[in-house]
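Work through the exercises below with the sequence and the model at hand. Try each task before reading its solution.

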Amino acid sequence: MYCPDCRAEYREGIETCPDCEVRLVVELPPVDPDADLVPVFETADVSLLPVVESVLDSARIPYLVQGEEALSVLPVGRWGAGISQSGRGLAATIRVEKGRAEEAEELLRPLAEGESPPEPEEG
Ligand SMILES: [Zn+2]
């Protein structure tokens, strides 16, 4: 079961998302590739990607990883991988929906500056 709002996954038997107070759905609707996604993190360092993903996962921010073909072996976010045919300079771009971009940028700022990520808050 998934929350259509924050897209968090819940186990069977739970009917509403405690965070958003909306009814859970069995399957998330497919994501429109033209949806309002904004890049919040760009890196040429592939080893940073799993860290970025875990930070966004902890914050329950849905994200899309866009990168070169060589990166397609990496684990991807809930939305799956968008493989760019034209990516040259940067190894990967992380995109989130517009409404969460500010939050994501805030969380990822220490990573972009080469520091360790903030501890995710419980709950
Ligand atoms: Zn929710």
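**Exercise 1: Two arginines**

R7 lies in the segment before β1. This is a predicted model, in which local features need pLDDT of at least 70 and side-chain atom pairs count only at pLDDT 80 or more, while totals for chains, interfaces and linings use all residues. Residues are numbered from 1 along each chain as its sequence is written.

Task: find the sign of phi for R7 and for R60, and give the burial class of each residue.

Solution. Start with the general rule: most residues other than glycine have a negative phi. R7 has a phi near 65°, a positive value. R60, in the loop between α1 and β2, also has a positive phi, near 55°. Next, apply the burial classes: a residue is buried if 20 or more other C-beta atoms, placed from the backbone, lie within 10 Å of its own, exposed if 12 or fewer, and partly exposed in between. R7 is partly exposed because it has 19 C-beta neighbours inside 10 Å. R60 is partly exposed because 19 other C-beta atoms lie within 10 Å.

**Exercise 2: The overall layout**

Task: state how many helices and strands the protein has, and in which pattern they follow.

Solution. Helices (H or I, at least four residues) and strands (E, at least two) are DSSP runs, numbered from the N terminus. By this rule there are 2 helices and 4 strands. Along the sequence the pattern is β-α-β-β-β-α. Of the 123 residues, 21% count as buried.

**Exercise 3: The helix pair**

Task: describe how α1 packs with α2, and which residues meet.

Solution. First take the geometry. α1 (residues 49-58) and α2 (residues 98-112) pack at an angle of about 145°, with axes 10 Å apart. Axes are lines fitted to C-alpha atoms, for helices over the stretch in contact, and angles run from 0 to 180 degrees between N-to-C directions. Then take the residues, where contact means C-beta atoms, placed from the backbone, within 7 Å. From α1 come V51, V52, V55 and L56; from α2 come A104, L107, L108 and L111. By class, this contact has 8 nonpolar, no polar and no charged residues; Ala, Val, Leu, Ile, Met, Phe, Trp, Tyr, Cys and Pro count as nonpolar, Asp, Glu, Lys and Arg as charged, and the others, Gly among them, as polar.

**Exercise 4: Strand β2 and I61**

Task: decide whether β2 is covered or open, name its pairing with β4, and place I61.

Solution. In β2 (residues 63-67), 5 of its 5 residues are buried. Y63, V65 and G67 point one way, and L64 and Q66 the other way. β2 pairs with β4 (residues 92-97) in the antiparallel sense over 5 bridges, where strands pair if DSSP finds at least two bridges between them. Opposite V65 stands I94 in β4.

I61 is in the loop between α1 and β2. I61 counts as buried because it has 22 C-beta neighbours inside 10 Å. Beyond four places in sequence, I61 contacts L56, V96, R100, E103 and A104. C6 is 55 residues from I61 in sequence, yet 7.2 Å away in space, C-alpha to C-alpha.

How values were computed. Two residues are in contact if their C-beta atoms, placed from the backbone, lie within 7 Å.
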